[in-house]
Amino acid sequence: MKTSDESNSETSVKQSARPLWLAQHIDEITTLFENRALLLRTSAHRLADLQILDERMDAHLDSVRICGAQKWPILLQALDEPTPALIYLATIMAVEARDTPRLQQLLALAETLPELRSALLQALTWIAPDFTQPLVQPLLNTQSTFCWRVALHLLRQHQTHADTLFEWALSQP
């Protein structure tokens, strides 16, 4: 049986194994995501302000990207109580890593919690088309109307011609 001192020392070792700087970058991305959403809702924003915010966001995303697999325990723990900002961050990381199982988990989460859907779509908009184009066909091949909506969003982002979307929509039951 473990004593409380042994338990406390194990907890502190686990917490120290998590890099504080990574958690700080995740917190900063969360704040920037919320500030960006607020900025876009106001009519008084300037494009230069948005560009500065996006550059800061990208710098923090780079810091999370370089962590490799080390970021996932912290992200998954944070997703126990999902927020739009965390879905945004996790979606970017999963797609750029071409991590299909994690992306499927995030899609399922966004499908069940409608307040997260917009953030997932924003993340897919942020990501370069080289990463998102291969997702379109598998999303269209599912039986999920939410996945179809995500695929249509990606097609629109990739500027696919409307007649192609129309033909696809007509072929669906």
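**Helix packing and an aromatic cluster**

Q: Is the crossing of α2 and α3 left-handed or right-handed?
A: The α2/α3 crossing is left-handed. Keep in mind that this is a predicted model.

Q: Fine. What's the angle there, and how near do the axes come?
A: They cross at roughly 155°, and the axes come within 9 Å. Here α3 covers residues 47-65.

Q: Roughly parallel or roughly antiparallel, then?
A: Roughly antiparallel, because anything over 145 degrees falls in that class.

Q: Which residues of α2 and α3 actually meet?
A: It's quite a list. From α2 the contributors include Trp21, Leu22, Ile26, Ile29, Leu32 and Phe33, and from α3 they include Leu50, Leu53, Met57, Leu61 and Val64. Some charged residues take part too, among them Glu28 and Arg36 in α2 and Asp49 and Arg56 in α3.

Q: How do the residues of that contact divide up?
A: Between α2 and α3 you get 13 nonpolar, 4 polar and 5 charged residues.

Q: I spotted a histidine in α2. What does His25 touch?
A: Leaving out residues up to four places away in sequence, His25 touches His60, Ser63 and Val64. Those three are also in the α3 part of the α2/α3 contact.

Q: Buried or exposed, that His25?
A: His25 counts as buried, because its relative accessibility is 19% and the cut-off is under 20%.

Q: Switching topic: how many aromatic pairs are there in the whole structure?
A: The search turns up 2. One of them is Phe33 with Tyr88, a tilted pair with 4.8 Å from centre to centre and 40° between the planes.

Q: Where do those two sit in the chain?
A: Phe33 is in α2 (residues 20-41) and Tyr88 is in α5 (residues 84-96), so this pair links distant parts of the chain, 55 residues apart.

Q: And are they buried or exposed?
A: Both are buried: Phe33 has a relative accessible area of 7%, and Tyr88 has 3%.

Q: What about Tyr88 and Trp126, what kind of pair is that?
A: Edge-to-face, because the planes are at 75°, and over 60 degrees counts as that class. The ring centres of Tyr88 and Trp126 are 6.3 Å apart.

Q: Which helices does that one tie together?
A: Tyr88 is in α5 and Trp126 is in α7 (residues 117-126), so parts 38 residues apart in sequence are tied together.

Q: How exposed is Trp126?
A: Partly exposed, at 23% relative accessible area. Phe33, Tyr88 and Trp126 together make one aromatic cluster.

Q: Back to helix packing: at what angle do α4 and α5 pack?
A: About 145°, with their axes 10 Å apart. Helix α4 is residues 71-78, and the crossing of α4 with α5 is left-handed.

Q: Which residues make the α4/α5 contact?
A: Lys71, Trp72, Leu75 and Ala78 on the α4 side, and Leu86, Leu89, Ala90, Met93 and Ala94 on the α5 side. They divide into 8 nonpolar, no polar and 1 charged.

Q: Zooming out, how many helices and strands does the chain have?
A: The chain has 10 helices and 0 strands.

Q: What share of the residues is buried?
A: 35% of the 173 residues count as buried.

Q: Last one: what share of the contacts joins residues at least 24 apart?
A: That's 64%, taken among contacts between residues at least 6 apart in sequence.

Terms used: Residues are numbered from 1 along each chain as its sequence is written. This is a predicted model: local features need pLDDT of at least 70, side-chain atom pairs count only at pLDDT 80 or more; totals for chains, interfaces and linings use all residues. Side-chain values use heavy atoms; hydrogens and water are left out. Rings of Phe, Tyr and Trp (its six-membered ring) pair if their centres lie within 6.5 Å; planes under 30 degrees apart count as stacked, over 60 as edge-to-face and the rest as tilted. Helices (H or I, at least four residues) and strands (E, at least two) are DSSP runs, numbered from the N terminus. Buried means under 20% relative accessible area, exposed over 50%, partly exposed in between (1.4 Å probe, protein chains only). Axes are lines fitted to C-alpha atoms, for helices over the stretch in contact, and angles run from 0 to 180 degrees between N-to-C directions. Angles under 35 degrees count as roughly parallel, over 145 as roughly antiparallel, 65 to 115 as roughly perpendicular and the rest as oblique. A crossing is left-handed if the near helix is turned anticlockwise from the far one by less than a right angle, and right-handed if clockwise. Contact means heavy atoms within 4.5 Å. Ala, Val, Leu, Ile, Met, Phe, Trp, Tyr, Cys and Pro count as nonpolar, Asp, Glu, Lys and Arg as charged, and the others, Gly among them, as polar.
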